[in-house]
Amino acid sequence: MSKKRAFQTIRGMRDVLPQDMPLWKFVIDTCENAACAYGYSRIETPLLEESGLFVRSVGEDTDIVKKEMFTFQDHGGDSVTMRPEFTASIMRAYIEHGMMNQPKPVKLFETGACFRYERPQSGRFRQFHQFTAEIIGSQEAAADAESIGLSYAVLKELGLEVVIQVNSIGTFESRRAYVKQLKSFYQPKMRYLCKDCLARIKSNPLRMLDCKKKKCVEMMLEAPQIIDHLDEESKNHFVKVLEYLDAFDLPYALNPQIVRGLDYYSKTVFEIWAKDDEGAARTGALGGGGRYDGLADILGGCETPACGFALGLERVIAKLKEKNVQTQEEQKFDIFLAHLGEEACKRAFLIVEGLRAKKYRITYNLCKASLKHQLELANKFGVRITLILGEKEVSDHSILIKEMDIGAQESVPLPKLERELEKRLRA
Ligand code: HAM
């Protein structure tokens, strides 16, 4: 009979293996500890939402909604979508749970998996993880700056040098006027546009500024810039944001090409690029964010100014690996119990359970194995003490205590085991 086919992860999905966990833990702890220090509270929203939530907030004409959502009908016939990002869900939760009645601003963070059906390539997956931090209820430029400041602080703490790329895309009204100008600029040049930009000029002209094709980039350099078409309010807001960034001494670059791929933004938008990855060409942006004052209204809530950002954890981790950042695997156990024979195995189970209940960090071997193999395992775990339970010890109710650093070994009656361990480990 032929062997059955072994399964593999599907395209764009990855396992995170135990050896990578210390790095993941380091990154997530750093993000979340910083968020807590900046006064954010944790929220957890569901992986699945009503599809309309993302269609309305991210925008019908965006790549995310048009091509990338994992959408399906549930058994009740409703269209549901696996979240492609957090901001829409967090704003939905803010409105649904009446958080507008809390003192403002409400600051929320979340870490978890997002799903986008993109073409997998370096730094781009179909399941990826974001850390997102949102400030809801403040229209002040100080909130934009603090949001940018938190993203910078996290990456600095992780040991990464970044430059924040900032731009303002103004209010929805000022953008409408600008988009008209942009269209008139591109119309006579239509035949030089790439296939994607030909579609974008109809559906989402702002995204043409973000095109990476050589010809389109060349044309874009001549295109009118949104920054020159901002309304007074957006202009003043942006100037204030930049003043704050200067005051906080944050490294930023004004970048008129940053327009973002989600429709809910207004005024400030930004991306976080690794310093040695100019153009974010290799890894892609480590993160992105901005102000989204219109989102609450779009989702049926009261008008609520808000801003925030998300970091892509796979990209941050790839960058840390590139820089060879080492994280220590946490020492998990102090004691290993080696056992020989069936009776010893049963007793070992009870001893281990008893010591775990007393908060000793102890492990043992579940497979039948020689003493030599078990001592090798104990060495691998780096324990300070190995307990040895053979047939002789079972019959006379004793146990051997071996101190791994000096190799000394002593037989003690079982009832005295805990006192002996306490002396050696906790004195
Ligand atoms: P975004 O720019 O779409 O923004 O995603 C933020 C970050 O998630 C990106 O900069 C990137 O690091 C990572 N990312 C996005 N797609 C992928 C992918 N396919 N594979 C790997 N990493 C990816 C948002 O999602 C907004 N919700 C951010 C935000 C929060 N704006 C305001 N608040």
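Begin by selecting the five strands that form an open sheet of mixed pairing, in the order β13-β12-β14-β15-β16. Strands here are DSSP runs of E with at least two residues, helices are runs of H or I with at least four, and both are numbered from the N terminus. Two strands count as paired if DSSP finds at least two bridges between them. The model is predicted, so local features need pLDDT of at least 70 and side-chain atom pairs count only at pLDDT 80 or more, whereas totals for chains, interfaces and linings use all residues. Residues are numbered from 1 along each chain as its sequence is written, and side-chain values use heavy atoms, with hydrogens and water left out.

**The five-stranded sheet**

Colour β13 (362-364) and β16 (409-413) separately: these strands stand at the edges, each with a single partner strand, so one side of each has no neighbour in the sheet. On average, neighbouring strands of this sheet are turned by 25° against each other, direction ignored. Axes are lines fitted to C-alpha atoms, for helices over the stretch in contact, and angles run from 0 to 180 degrees between N-to-C directions.

Next, select residues 398-403, strand β15, which runs antiparallel to β16 and is joined to it by five bridges. Within this pairing, display K402 together with Q409, its bridge partner in β16. Then add helix α12 (residues 342-357), which lies across β12 (335-339), β13, β14 (385-389) and β15. The helix runs at about 160° to β13. Contact means heavy atoms within 4.5 Å.

Before leaving this region, select N324, in the loop between α11 (313-322) and β12. The phi of N324 is near 60°, a positive value in a residue other than glycine.

**The three-stranded sheet**

Move now to the open, antiparallel sheet with the order β2-β4-β3. Its edges are β2 (48-50) and β3 (70-73), each with a single partner strand, so one side of each is left without a neighbour in the sheet. Neighbouring strands here are turned by 35° against each other on average, direction ignored. Helix α2 packs on this sheet, touching β2, β3 and β4, and its direction makes about 75° with that of β2.

Select β3 and β4 (residues 79-82), which run antiparallel and are joined by four bridges. T71 stands opposite T81 in β4, and Q73 stands opposite S79 in β4. The hairpin of these two strands has five residues between them, and there G77 takes a positive phi near 90°.

With β3 still displayed, which residue forms an aromatic pair with F70? Y117 is the partner, in an edge-to-face arrangement with 5.6 Å centre to centre and 70° between the planes. Rings of Phe, Tyr and Trp (its six-membered ring) pair if their centres lie within 6.5 Å; planes under 30 degrees apart count as stacked, over 60 as edge-to-face and the rest as tilted. The pair links distant parts of the chain, 47 residues apart, since F70 belongs to strand β3 and Y117 to the loop between β5 (106-115) and β6 (127-136). The structure holds ten aromatic pairs.

A further stop is P105, in the loop between α4 (87-96) and β5. The peptide bond from K104 to P105 is cis, with omega near -5°.

**Pocket and cavity**

Turn to the second largest pocket, which contains about 480 Å³ of space. Of its 21 lining residues, select F172, R175, N204, L206 and D263, the closest to its centre. The elements that give two or more residues to the lining are α2 (51-58), α6 (172-186) and α7 (195-203). Among the contributors, α6 gives the most, with five residues.

On a 1 Å grid over the protein atoms alone, a pocket is an open set of points with protein on both sides within 12 Å along at least five of seven lines; a cavity is a set where a 1.4 Å probe fits but cannot get out; lining residues have an atom within 4 Å of a point. Grid points are joined across faces, edges and corners, and a volume is the space filled by probe spheres set on the points.

Finally, select R14, V16, Q127, H129 and E314, which line the largest cavity. Its volume is about 40 Å³.
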